[in-house]
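Have the sequence and the model open side by side, and let's take a walk through the fold. We'll begin at the ligand and work outwards to the helices and the loops.

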Amino acid sequence: MSIPTRAAGRVACLAAHSVEIIRANQASSGAYVASPNFPVYRYSWLRDGAFIADAMSRAGEIESAEAFFAWCSRTLLARAGTVDALIARRRAGSTIRHDEFLPTRYTVEGEETGEPWTDFQLDGYGAWLWALDAHARRHARPLDPCLPGALVSARYITAFWDEPSFDWWEERPDERHSSTLAALHGGLTAVAGWAGATEQVRRDAAGVAGVIRATVAADAARNGCVAKWLGGSAVDASLLAVATPFRLLEPDDPLMAATLRSIEADLVRGGGVHRYLGDTYYGGGQWLLLAALLGWHYAEAGRPDDAWRELAWVADRALPDGEFPEQVTEDLLAPGRLAEWEERWGPIATPLLWSHAMFLTLALQLGVARPRATRG
Ligand code: BGC
């Protein structure tokens, strides 16, 4: 597809601005803040951060991505004792409460926030390993500086991958979510190929990755497409990640194609993407990061025209200063629920670094933006 020059120029500018926004909101520790102007998002999430670092790596912002990975490694290393104690308790058969596991988000110093939160999510502990591995391969960079913390993360998810936990949206803690499992699969598949890990660690990682893949694939075969959680049938846009980028299924796998069709039928309207039917958070708007993820998946699935349409949809939602919000309210699933969130937490989180990261990734993927080393 040929892209009109003016539109491509605007996308390239927005992509460059996205790099600036991400850089400006990376703490000196290396942590990325989820959103600087939204009080409960002034922390660093491993999930958001993994996608942000991956986008920066693709953009050629090597120091930024590596500063984040080093922060992850230090943060995990500081909890090696906690992880080993949790594993010992699991082996001894004792019950572990959700609030005893590692948290979802950290302060930029890598500490617990000390505030109540839906704080048990596993996906980020796999996603950053996937992003680290992809970065090392992309730029032929050594893994060694981050290996100690990465191996703590690998130990943690190898032991607890099948524990029910909060999903990408910090909901439904009693289920085992397919997009969470995909991230763990992506991380463990990476670890299985690391020369710096022991034979045992690599074998365990490969074994668990295989079991995760078989579990999700068998559940998808039962349902006809990948379900939001094992044993269920609900649709969620985060399921795109099962293929793009975590490759638990290939984009052209019939089960993934069926999953995409159900996402398109239920959640995509006019290019915008809802998280899931029944979403009420800020009225259940359309999420920019999901539109960009859909575009990325289209690009991987050989549908560049559809990918470009998603890129244009996101670009059209940039605010005059080039910032991207978390979601937009032009097509709400639950319009009556918007005001209560605005009263509780203020306007929709803007800028959301994860939105910028996904836009950047899609723009790079389509060749509309170029990595730093090749920019003139
Ligand atoms: C979303 C999470 C995200 C967090 C920070 C939450 O509202 O549900 O997926 O990690 O915001 O961006």
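In this predicted model, the side chain of Arg47 puts an N or O atom 2.9 Å from an oxygen atom of the ligand. Tyr41 does something similar: an N or O atom in the Tyr41 side chain sits 2.3 Å from a ligand oxygen. Trp168 takes part through its backbone, where an N or O atom lies 2.5 Å from an oxygen atom of the ligand. Step back a little and you can count 13 residues around the ligand, and the ones that come nearest are Tyr41, Arg47, Asp48, Trp168 and Trp169.

Now on to the helices. Two packed helices are described by the angle between their axes and the distance between the axes, so those are the values to look for in each pair. Start with α2, which covers residues 46–58, and α3, which covers 62–77. Their axes cross at roughly 150° and come within 8 Å. Since angles over 145 degrees count as roughly antiparallel, that makes α2 roughly antiparallel to α3. The crossing of α2 past α3 is left-handed.

Which residues of α2 and α3 meet? On the α2 side you'll find Leu46, Gly49, Ala50, Ala53, Met56 and Ser57. Facing them from α3 are Ser64, Ala65, Phe68, Phe69, Trp71 and Cys72. Sorted by class, this α2 contact with α3 has nine nonpolar residues and three polar ones, with no charged residues.

Next, find α7 (178–191) and α8 (199–223). These two pack with their axes 8 Å apart, at an angle of about 150°. That makes α7 roughly antiparallel to α8, and their crossing is left-handed. From α7, the contact uses Leu181, Leu184, His185, Leu188, Thr189 and Val191. From α8 come Val201, Arg202, Ala205, Val208, Ala209, Ile212, Arg213 and Val216. Split by class, the contact of α7 with α8 has ten nonpolar, two polar and two charged residues.

The last helix pair is α11, residues 304–315, with α13, residues 353–365. The axes of α11 and α13 come within 10 Å and cross at roughly 140°. How is α11 oriented relative to α13? That angle makes α11 oblique to α13, because the roughly antiparallel class takes angles over 145 degrees. This crossing, of α11 and α13, is left-handed. Ala307, Glu310, Leu311, Val314 and Ala315 of α11 meet Phe359, Leu362 and Ala363 of α13. The class count for the contact of α11 with α13 is seven nonpolar, no polar and one charged.

To finish, have a look at the backbone in a few loops. Where does Arg172 sit? You'll find Arg172 in the loop between α6 (147–160) and α7. Arg172 isn't a glycine, yet its phi is positive, at about 50°.

Further along, the loop between α8 and α9 (254–267) holds Pro245. The peptide bond joining Thr244 and Pro245 is cis, with omega about 10°. Another cis peptide bond runs from Thr350 to Pro351, where omega is near -10°. Pro351 belongs to the loop between α12 (338–345) and α13, and α13 is the helix that α11 crosses at roughly 140°.

How values were computed:
Residues numbered from 1 in each chain as written. Predicted model: local features only at pLDDT ≥ 70, side-chain atom pairs only at ≥ 80, totals over all residues. Heavy atoms only, no water. Axes fitted to C-alpha atoms, helices over the stretch in contact; angles between N-to-C directions. Helix = DSSP H or I, 4+ residues; strand = E, 2+ residues; numbered from the N terminus. Parallel < 35°, antiparallel > 145°, perpendicular 65-115°, else oblique. Left-handed = near helix turned anticlockwise from the far one by under 90°. Contact = heavy atoms within 4.5 Å. Nonpolar A, V, L, I, M, F, W, Y, C, P; charged D, E, K, R; others polar. Near = heavy atom within 4 Å. Polar contact = N/O pair within 3.5 Å; in protein donor to acceptor, adjacent residues only side chain to side chain.
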